[in-house]
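Hi,

Here's the structure I promised to pass on. Have a look at it first, and my notes follow below.

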Amino acid sequence: MKELLKQKEISILAIILLIGAVLSFVSPVFLTIGNFLDIIEGNVVLGILAIGMTLIIITSDIDVSVAAVTTAVAVSIGYLFTYLPDSWISVLLLFLIAPVIGLVMGLVNGLLVSIIEIPAIVVTLGTLNIIAGIVLYITNGNYINSTSFPKSFMEFANYELLGIPILIYLLAIVAIGTWYILKHTLIGRSVLAIGGNTQSSVRVGIDYKKVKLFVFAYMGVLAGIAAIAQTAYTKAVDPNGMLGLELTVIAAVVLGGANIHGGRGSVHGTLLGVLLLAIMQNGMILARIDTYWQNVVTGAIIVIAVSYDHISYKRSQDKLAKIEVEA
Amino acid sequence: MSDYILQMKNISKTFPGVKALDNVELEVKKGEVHALIGENGAGKSTLIKILAGIHKPDPGAKFYFEGEEAKINKPIDATLKGVSIIYQDLSLFPNLSVAENIYIGQDSNKKPWKKINWKNIKKTAERALEELEVDIDPNTTVERLSIAQQQLVEIARALAFEAKLIVMDEPTSALSSSEVEKLYRVVDKLSSRGISIIFISHKLKELFRVSDRFTVLRDGKYVGSYQTEEIDESKLINLMVGRDVSYEKNEKEVETGETIFQISNFSKQGNFKDISFSLKKGEVLGITGLVGSGRTELAQAIFGVNKPDSGELKIYGNDVQIRSSADAVKKGVAYIPEARQTQGLVLEQSIINNISLPILNRMRNKLKLIDRKSEVQLAEQYIKSLDVRPALPDLPASKLSGGNQQKVVIGKWLSAQPKILIIDEPTNGIDIGAKTEIHKLLRRLANDGIGVIMISSELPEILAVSDRVLVMRQGRISGELGIKEATQEKIMSYALNSGNKDESSEVLNEPNQVSQGV
Ligand SMILES: Nc1ncnc2c1ncn2[C@@H]1O[C@H](COP(=O)(O)OP(=O)(O)OP(=O)(O)O)[C@@H](O)[C@H]1O
Ligand SMILES: [Mg+2]
């Protein structure tokens with residue numbers, strides 16, 4: 001299967017190159033380093049969330065509350081700005097507080113899924129609505145703009161190292177950290193194991209409830225980090241700015257080769273999935289395609305990718321030794 | 001030091017509504033192969049799951065390992081005591097590599113943030129595979145392996161854990177006969193190295209071949225433990241079932257009617273060649289032969305999952321083309337495959353819902369809603385005729401023992417009331433008492449006018465049920481016998497021809513891989 005996975009990743013890469021080639025004909029701007037960095041920076045939030053979602057999807061669960069959680073943290077950040085003194089310490093403190101707020105919400109999801117064993121889609125649909133409702137009540141839907149942001153945060157947001165925006169480093173750190181967890185720690189291997197066969201994992205002594213709790217909690221932490229990235233990138237807090245983003249997040253993960261039935265998925269695959277979506281969107285903007293059609297095309301790609309995934313999953317299941325039955 | 005690697009005493013287990021085990025004991029000596037036997041639902045798997053720490057026994061249970069008392073509360077406790085369990089349905093991770101599958105669980109009691117030592121994982125796996133003398137690449141993912149190889153991976157896992165006691169729950173039910181021989185050799189080797197083995201199986205011959213001692217369970221109760229030398233098959237059956245069970249040869253002459261099914265010149269490269277036979281109303285046709293003689297491939301060809309290269313098929317005199325398994329079902333052909341336990345049960349659903357599944361559209365009342373009453377009736381009828389235990393139609397299938405789940409699968413296929421029923425190894429995994437029930441049922445179906453084709457490697461079964469016997473060898477029909485003239489010896493001589501068993505069973509050792517997803 002590793003080969004197949006690689007094939008899948010190579011085919012995404014091939015599609016990306018193809019679209020890239022077409023786009024560089026359509027628009028001379030496309031093939032510039034500047035445009036490329038813009039594309040990536042503009043998708044850091046999507047990338048961070050998709051990386052967290054990858055772990056959840058590997059365990060065969062799903063979290064549709066990510067965008068709401070991220071928005072809630074972003075709104076909290078907006079309010080915090082009025083209390084925090086304007087200094088670098090505050091920015092650092094933000095990196096502590098935001099993930100913790102996200103963690104709390106992730107833990108709520110995780111506890112409901114793992115301890116009470118409510119299906120994740122039900123739990124997260126519920127928390128999505130609760131959180132979104134509270135956010136609207138508190139903000140009245142009002143936008144907080146950068147005039148009330150501390151200067152130090154604006155400096156952070158505009159900071160570049162070696163000509164590369166700071167947010168891209170943030171994405172890189174999250175990606176490498178998650179890759180390490182997945183590949184080299186016990187908990188990461190357990191994530192893959194319970195996605196492969198939950199019953200087997202019970203029998204070899206893996207506590208699958210803890211693992212599920214972990215993936216949702218981790219998703220919460222990453223949502224906290226994504227909220228900082230979102231605030232820094234848009235230089236504003238918009239309670240409606242991420243409406244529906246969870247679907248794009250899930251699409252990126254699935255495009256990147258993760259299996260919605262669990263058991264497989266990777267950080268680098270997901271990053272490729274994000275890149276594919278990002279380039280497509282960028283290309284359609286450069287090609288001046290109407291926004292409505294942009295949505296249609298993106299939607300179509302998502303449907304095709306998910307069907308492809310499902311069909312190939314079914315095929316591979318037919319060939320597999322069946323080992324699901326409890327006897 | 002105690003002679004016993006394991007002693008379990010006072011083991012009871014109450015599931016809501018069912019007392020699965022009642023004061024059972026089990027004692028296993030060091031280095032012995034210990035057979036655990038009993039009818040379907042006797043409690044074998046439950047006892048093992050208690051040993052494994054998956055089920056909690058009722059209070060009062062005692063465990064001793066090498067004479068010392070111990071507590072087993074969760075799987076890791078058993079693992080640390082040197083117990084490794086190979087479940088009927090295996091406990092592998094299809095998406096992970098062989099090496100990881102072998103190693104997994106060794107770190108279960110470590111901190112979740114512990115760094116994984118990939119070198120160590122590879123080394124452990126390679127060493128275990130080497131010890132078993134099997135040639136499996138530790139880097140491939142497990143889903144690419146055959147069932148037999150997967151089982152070896154599980155055994156390798158047990159070795160990597162330095163298991164002192166390995167439990168195998170019906171390990172041979174999914175293996176071909178040459179693979180089974182290999183497994184016996186592995187078992188012999190393990191026990192000669194001082195590792196104890198608990199072997200669960202319904203195949204008595206096999207148990208006499210591998211075991212040193214027997215423990216018999218009946219209805220969740222302990223019957224006794226016996227040295228292999230002090231018992232024989234019939235005594236064992238009596239202990240298990242509480243009565244004598246023996247098959248009698250089917251001697252009755254049946255009235256046969258019109259020809260309802262006929263195939264001519266069925267051929268498929270590498271599978272079978274020039275197969276022609278017909279089936280009359282009221283008749284059970286037995287097909288036997290060595291494993292690898294093309295029997296299953298032929299059955300699957302008739303059922304449309306393994307397309308033949310050429311050949312014609314007639315049902316009630318009409319030429320029929322079968323394009324797929326769905327098409328076959330539509331045309332009245334049912335095929336109950338050998339690997340039943342893993343196919344086609346909705347585990348969370350009740351026995352009723354499983355049995356009525358294929359014919360829901362025939363169960364609708366005037367309002368076009370599903371008529372619960374006739375659904376229940378149908379289920380009760382099959383529960384009775386197949387002796388499903390416990391006989392609770394509302395029980396979810398997941399709560400049944402392995403053998404009883406199989407009976408439900410059979411019931412489900414029968415409920416569709418096919419014109420032609422092809423059944424492959426009908427009593428694989430089914431206990432001896434229920435076997436005779438299934439035999440009677442097949443006879444009854446034939447009497448009711450359904451054409452029954454039964455594939456079986458068990459000659460007594462063939463003789464007890466069939467009216468006519470086809471013997472296959474190397475993909476061809478090597479002989480046909482009316483039941484009157486048929487004897488085990490005659491059948492074997494057709495199956496082997498020269499009597500050189502090894503040669504003939506190897507001829508078709510690589511039949512086309514056929515999807516079993518029926
Ligand atoms: N999870 C469960 N809940 C309720 N009842 C159960 C459960 N598991 C098993 N049982 C019941 O316990 C009894 C013993 O089942 P067990 O699986 O131990 O039988 P077995 O001896 O392994 O049979 P087989 O040969 O068919 O595999 C059966 O009556 C079964 O229905
Ligand atoms: Mg069992």
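A polar side-chain atom of Thr46(B) sits 2.5 Å from an oxygen atom of ligand 1, and for His202(B) the distance from a side-chain N or O atom to a ligand oxygen is 2.7 Å. Gly41(B) joins in with a backbone N or O atom, 2.8 Å from an oxygen of ligand 1. (A polar contact here is a pair of N or O atoms within 3.5 Å; within protein, one must be able to donate a hydrogen and the other to accept it, and residues adjacent in sequence count only if both atoms are side-chain atoms.)

Keep in mind that this is a predicted model: local features need pLDDT of at least 70, side-chain atom pairs count only at pLDDT 80 or more, and totals for chains, interfaces and linings use all residues. Residues are numbered from 1 along each chain as its sequence is written, chains are lettered from A and ligands numbered from 1 in the order written, and side-chain values use heavy atoms, without hydrogens and water.

Where does ligand 1 lie relative to domain 1 and domain 3 of chain B? Domain 1 (4-241) and domain 3 (349-417) both give residues to its shell, so the ligand lies between them. (The domain bounds come from an automatic or database assignment.)

Two backbone oddities to finish. Most residues other than glycine have a negative phi, and most peptide bonds are trans. Lys235(A), not a glycine, has a positive phi of about 50°. Arg389(B) and Pro390(B) are joined by a cis peptide bond, with omega about -5°.

Cheers
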